[in-house]
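Please read these notes with the model open beside you, and check each point against the coordinates as you go.

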Amino acid sequence: MIDTLEYNTEREHLIIPEYGRHMQKMINHAKGIEDREERNKLAKAIISVMGNMQPHLRDVPDFQHKLWDQLFIMSNFELDVDSPYPKPTKELLEEKPEPLEYPQNHPKYRFYGNNIKTMIDVANTWDEGELKEALVYTIANHMKKCFLNWNKDTVEDMVIYDHLFELSGGKIDLRNSEENLSESSSLMRAKSKYSGKKGHHKKGQGRQRKRY
């Protein structure tokens, strides 16, 4: 009896483990059937069982197509049956995807983020006027908030103005402005208030809960 025991380390590798070892054995058995008609019948029966094992995927488009592809993959592309869909190839499965082209943005002041640079570029395209001035100061205040999140300290407005001048390519210059940005304490307080709002809301809900 001990001689008949099978250990996982000695068993055949499961190509798609989700279907289990018995399903893999059924597919291996189908590969050894010489009569083509019998192979086709067994292949359709296997597809039916595979579909029952994945009921949550029945509404997925091309569900049957996916099952047939998985059948051929689990057979190591050695099962010769008549499929209603084009048979996939091993070369196509093993083909490496094209590398993704990630944006190679390496800003000098990374704590501001790429969105700030995008906003500055947009502001550079606007005509001079009240709207552009409002946008510029909004950007500057947001830069100050980002700086405080990174530095956890205070920062002089002139530092923000210098960075804004540099990031805008010299097109936005607030260095001689007499208008001050928002106070550091108010910017950080607004952030703290927003971050704690969700928990406060939950606490309030608990007090309103009725008892029956």
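1. Helix α5 (residues 114-125) packs against α6 at an angle of about 165°, and the two axes lie 10 Å apart. This is a predicted model, and the angle should be read as belonging to that prediction. Since angles over 145 degrees count as roughly antiparallel, α5 and α6 are therefore described as roughly antiparallel to each other. The crossing in which α5 passes α6 is left-handed.

2. Which residues of α5 and α6 meet? From α5 the contacts involve Ile116, Met119, Ile120, Ala123 and Asn124, while α6 contributes Lys132, Leu135, Ile139, His142 and Met143. Among the buried residues of α6 are Lys132, Leu135, Ile139 and Met143, so you may find it useful to colour these side chains before you look at the pair of helices again.

3. Helix α6 itself (residues 130-151) has 22 residues, and the distance from its first C-alpha to its last is 31 Å, which is close to the 32 Å expected at 1.5 Å a residue. The buried residues of α6 also include Val136, Tyr137, Ala140, Asn141, Lys144, Cys146, Phe147 and Leu148. After α6 comes Lys152, which has a positive phi, near 55°.

4. Is Asp157 buried or exposed? Asp157, which is found in helix α7 (residues 157-167), has a relative accessible area of 15% and is therefore buried, given that buried means under 20%. When its neighbours within four places in sequence are left aside, Asp157 is in contact with Lys144, Asn180 and Leu181; of these, Lys144 is one of the buried residues of α6.

5. Asn40, which lies in helix α2, can be examined by the same steps. With a relative accessible area of 14%, Asn40 is buried, and, again leaving aside the neighbours within four places in sequence, Asn40 is in contact with Val81 and Asp82.

6. Finally, please weigh the confidence of each region before drawing on it. The protein chain averages a pLDDT of 83, and 81% of the residues score at least 70. Confidence is highest in helix α2 (residues 36-53), at a mean of 95, and lowest in helix α9 (residues 197-208), at a mean of 46. Over residues 198-212 the pLDDT stays under 50, and for this stretch the model has zero contacts beyond four places in sequence. Where pLDDT is low, predicted coordinates should not be read in detail.

Notes:
Residues are numbered from 1 along each chain as its sequence is written. This is a predicted model: local features need pLDDT of at least 70, side-chain atom pairs count only at pLDDT 80 or more; totals for chains, interfaces and linings use all residues. Side-chain values use heavy atoms; hydrogens and water are left out. pLDDT is the predictor's confidence in each residue, from 0 to 100. Helices (H or I, at least four residues) and strands (E, at least two) are DSSP runs, numbered from the N terminus. Contact means heavy atoms within 4.5 Å. The expected span of a helix is 1.5 Å times one less than its number of residues. Buried means under 20% relative accessible area, exposed over 50%, partly exposed in between (1.4 Å probe, protein chains only). Axes are lines fitted to C-alpha atoms, for helices over the stretch in contact, and angles run from 0 to 180 degrees between N-to-C directions. Angles under 35 degrees count as roughly parallel, over 145 as roughly antiparallel, 65 to 115 as roughly perpendicular and the rest as oblique. A crossing is left-handed if the near helix is turned anticlockwise from the far one by less than a right angle, and right-handed if clockwise.
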